[in-house]
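Student: Please take a close look at one part of this model, pair by pair. After that, I would like to know how the other elements pack.

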Amino acid sequence: MIDISLLNCVSIGDRISIDAGRGCPFGCSFCSAKMMWERSFRIKSANRLYQEILYYYHEYGITNYGLEHDIFVLDKKNVYAFCNLLLQSGLDIEWGCSARLDSVDEDMLKIMSKAGCRRIYFGIETGSTRMQKKISKNLNLSKLDTICDWLQEYGIIPRFSFIYGFPEESYEDVDATLNMIYHIYEKWRNVFSSCKGLFQLHKLIFYPGTEELQKVSNRLEYVENTHYDASRSIDHWNNEELKDIVSNVDIFSNYFEFKSELRSKLKDLDYFFNIIFYNAIIYYDVTYKLLLEKSGNSNLNLYYKFLDSIDEIMYSPFSYCESFEIFFKAVTDLLHKVVIKANSKSIKAIFEFEKDMFYFNIDNINVEDRRQIKKYECDVLKMKKMRLNLEDSSEVKLLFEKCNNKAKVTYYNK
Ligand code: SF4
């Protein structure tokens, strides 16, 4: 057990992580866990985990735990025993863990939820069945929807992690991954208002000893820091250490890049999907959906339409965290360029409406009696409600009003 009071970086009451064990028996070709732990699986006993939680709960009042393990749910007996201990104790805590799609079932999720599990991290990696086999992940992707239904039923929030840029990956494979991400968003958009954290997209990094590294080991080049890639940050190394990194590709292969045509063309795709796409789908849900339809329901095709202007937002001097309003304006300007190219009266109208909704909500915070009347070229209220393209609908006037601190929008017929 750790005496948290000795760690001045941890404030009491925060969520803490507990080391639950290590190792994984699966053989995914990009993953370093199997090299590190030689595919052996070890997990702390249910009672030991429970005792650790009891200690931190009673000593520090901590009520939120991350159980750190590559695949916590693999030993089902242990998971059930752990959940039963928590249920018998009546502790009011929540916790999260990691899993594979094929290592959970409904009964298990049900008891985990009753025992306080609120978060599960799933590594799906690719939405392409072909690539599932190539990288030896071998997940049955058709199970995803059922698992999402169970998670929703039992109130567990997932995070789905994806990777792109595998040496054998095609553009079609990447598109399948992006389309799966969008599909996940569609399944969850009515459950959360923000969907933040629902998925992650990473560009493949080649870890030492992995099969993916073997495929490209004589074609790697050293790369300087990339804009937000924590695994490659060199900020804390001195010149001597940097020399060691550059001359030891086998040990520090994660600092090296495999420059394929696909990886070069899609070099900013991870940034786009983790930052810009998230905000576009949340605030411009229908605009994005209709743009996607215009792009043949291919998220990759739609991404290409953003590519011309993406540098303007990626390398602009503001930080995403500093001012959300400035960032939102930059996302809006970027989206606006793509909307103009779409050359559709209805998409332009719904884009304007969704933008007005955002600004009316934030402008309106302390103004009880503010009213605005706006005109749109199509019936955007119906489009928003039905998430449909109503290109032939007629012009509407809408009344924006504040109601219980929220924007309310109705037709204005005067
Ligand atoms: S990616 Fe996950 S399932 Fe695959 S080997 Fe690594 S830890 Fe195991």
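Tutor: Start with a single residue pair: Tyr164 stands opposite Lys203 in E8. The model is predicted, and this pair belongs to the pairing of E7 and E8, which is parallel and has five bridges. On its other side, strand E7 (residues 157-164) is joined to E6 by six bridges, and these two strands also run parallel. Within that pairing, Gly123 has Ser161 of E7 as its bridge partner. One step further along the sheet, strand E6 (residues 117-125) pairs with strand E5 (residues 94-99), in the parallel sense and over five bridges. Here the bridge partner of Gly96 is Arg119 in E6.

These pairings are part of an open sheet of six strands, ordered E1-E4-E5-E6-E7-E8, with parallel pairing. Which strands stand at its edges? They are strand E1 (16-19) and strand E8 (199-203); each has a single partner strand, so one side of each lacks a neighbour in the sheet. From one strand to the next, the twist averages 20 degrees.

Gly123 leads from the sheet to the ligand. Besides being bridged to Ser161 of E7, Gly123 is one of the residues that surround the ligand. The others in that shell are Cys24, Phe26, Cys28, Cys31, Ala33, Lys34, Asp70, Ile71 and Arg100. Sorted by class, the shell has six nonpolar residues, one polar residue and three charged residues.

Next come the helices, beginning with H3 and H4. Helix H3 spans residues 76-89 and helix H4 spans residues 106-114; their axes come within 9 Å and cross at roughly 30 degrees. Why do the two helices count as roughly parallel rather than oblique? The angle of roughly 30 degrees is under 35 degrees, so H3 is roughly parallel to H4. The crossing of this pair is left-handed. On the H3 side, the contact is made by Lys76, Val79, Tyr80, Cys83 and Leu87, and on the H4 side by Met108, Ile111, Met112 and Lys114. Seven of these residues are nonpolar, two are charged and none is polar.

Helix H11 (residues 269-283) and helix H13 (residues 299-314) pack at about 80 degrees, with their axes 11 Å apart. That angle makes H11 roughly perpendicular to H13. Leu269, Tyr271, Phe272 and Ile276 of H11 meet Tyr303, Phe306, Ile310, Ile313 and Met314 of H13. This contact has nine nonpolar residues, with no polar and no charged ones.

A further pair is formed by helix H12 (residues 285-294) and helix H14 (residues 324-342), whose axes lie 11 Å apart at an angle of about 45 degrees. H12 is therefore oblique to H14, and their crossing is left-handed. In H12 the contact residues are Thr287, Leu291 and Lys294, which meet Leu335, Val338, Val339 and Ala342 in H14. By class, five are nonpolar, one is polar and one is charged.

The remaining element to compare is another sheet. In what sense do its strands pair, parallel or antiparallel? The pairing is antiparallel: three strands form this open sheet in the order E11-E12-E13. Strand E11 (371-376) and strand E13 (406-411) stand at the edges, each with a single partner strand, so one side of each has no neighbour in the sheet. Neighbouring strands are turned by 30 degrees against each other on average, direction ignored. Strand E12 (residues 396-403) is joined to E13 by six bridges, and the bridge partner of Leu398 in E13 is Tyr411.

Methods:
Residues are numbered from 1 along each chain as its sequence is written. This is a predicted model: local features need pLDDT of at least 70, side-chain atom pairs count only at pLDDT 80 or more; totals for chains, interfaces and linings use all residues. A residue is near a molecule or strand if its C-beta atom, placed from the backbone, lies within 6 Å of it. Ala, Val, Leu, Ile, Met, Phe, Trp, Tyr, Cys and Pro count as nonpolar, Asp, Glu, Lys and Arg as charged, and the others, Gly among them, as polar. Axes are lines fitted to C-alpha atoms, for helices over the stretch in contact, and angles run from 0 to 180 degrees between N-to-C directions. Helices (H or I, at least four residues) and strands (E, at least two) are DSSP runs, numbered from the N terminus. Angles under 35 degrees count as roughly parallel, over 145 as roughly antiparallel, 65 to 115 as roughly perpendicular and the rest as oblique. A crossing is left-handed if the near helix is turned anticlockwise from the far one by less than a right angle, and right-handed if clockwise. Two residues are in contact if their C-beta atoms, placed from the backbone, lie within 7 Å. Two strands pair if DSSP finds at least two bridges between them.
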